[in-house]
Amino acid sequence: MLKKILLKIQKLEQQKKTKVDKQSEIQKEIDDLDLQLKRLYSFKKDYEKLEKNSQDFLNNMGGKTT
């Protein structure tokens with residue numbers, strides 16, 4: 001009986017280890033995606049700021065006569 005219990009424990013521990021390893025791998029992938037998203041959102045924000053500043057500059061130039 002003890003042998004069966006020990007085998008069951010061993011089997012469940014192995015399943016647990018497999019799941020924990022997969023969880024760790026998935027979490028790393030999620031972290032990598034978060035980092036890429038953070039960079040892209042930052043780039044988008046910088047681009048929108050540059051676009052607005054460029055438009056403001058061009059509008060100011062067009063309003064002045066020399």
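**View 1. Asp56 and Lys52 join in a salt bridge.** Welcome to this predicted model. We open with Asp56, which forms a salt bridge with Lys52, and their closest N and O atoms are 2.8 Å apart. Both residues belong to helix α1, where they sit four residues apart, or about one turn of the helix. Asp56 is partly exposed, and its relative accessible area is 31%. Side chains of opposite charge can pair when their charged atoms come close.

**View 2. Lys17 and Asp21 meet through their side chains.** Here is another salt bridge, with an N to O distance of 2.9 Å between Lys17 and Asp21. Look along helix α1 and you will find the two residues four positions apart, about one turn of the helix. Lys17 is partly exposed, with a relative accessible area of 46%. Asp21 is partly exposed as well, at 41%.

**View 3. Lys28 pairs with Asp32 in helix α1.** The salt bridge between these side chains has an N to O distance of 3.1 Å. Because Lys28 and Asp32 are four residues apart in helix α1, about one helical turn separates them. Are these two residues buried, partly exposed or exposed? Lys28 has a relative accessible area of 52%, so it counts as exposed, the cut-off being over 50%. Asp32, with 36%, is partly exposed. The pairs in these views are among the four salt bridges counted in the model.

**View 4. A nonpolar patch lies on the surface at Met1, Leu2, Ile5, Leu6 and Ile9.** Together these five side chains offer about 550 Å² of accessible area. One of the members, Leu2, is found in helix α1, which runs over residues 2-63. Is Leu2 buried or exposed? Leu2 is exposed, with a relative accessible area of 58%.

**View 5. Lys19 and Lys49 mark out a stretch of the chain.** In sequence, 30 residues separate Lys19 from Lys49. How far apart are Lys19 and Lys49 in space? From C-alpha to C-alpha, the distance is 45 Å. Lys19 has its place in helix α1. The relative accessible area of Lys19 is 59%, which makes it exposed.

**View 6. The whole chain is built with one helix and zero strands.** Stepping back from the close-ups, we can see how that helix fits into the overall form. The radius of gyration is 29 Å, well over the 11 Å that the globule rule gives for 66 residues, so the chain is more spread out than a compact globule. The C-alpha trace spans about 100 × 10 × 5 Å along its principal axes. What share of the 66 residues is buried? The answer is 0%.

**View 7. The surface of the chain and its charges complete the tour.** About 7000 Å² of the chain is exposed, and carbon and sulfur atoms supply 60% of that area. The chain carries 16 positive and 11 negative charges. How far apart are the mean positions of these two sets of charges? They lie 9 Å apart.

Technical notes
Residues numbered from 1 in each chain as written. Predicted model: local features only at pLDDT ≥ 70, side-chain atom pairs only at ≥ 80, totals over all residues. Heavy atoms only, no water. Patch = residues over 30% accessible without salt bridge, like charges linked within 9 Å, V, L, I, M, F, W, Y side chains within 5 Å. Areas by Shrake-Rupley, 256 points an atom, 1.4 Å probe, with all protein chains shown as cover. Buried < 20%, exposed > 50% of the residue type's maximum accessible area, 1.4 Å probe, protein only. Rg over C-alpha atoms; globule rule 2.2 N^0.38 Å. Lys, Arg positive; Asp, Glu negative; His and termini not counted. Charge placed at Lys NZ, Arg CZ, Asp CG, Glu CD.
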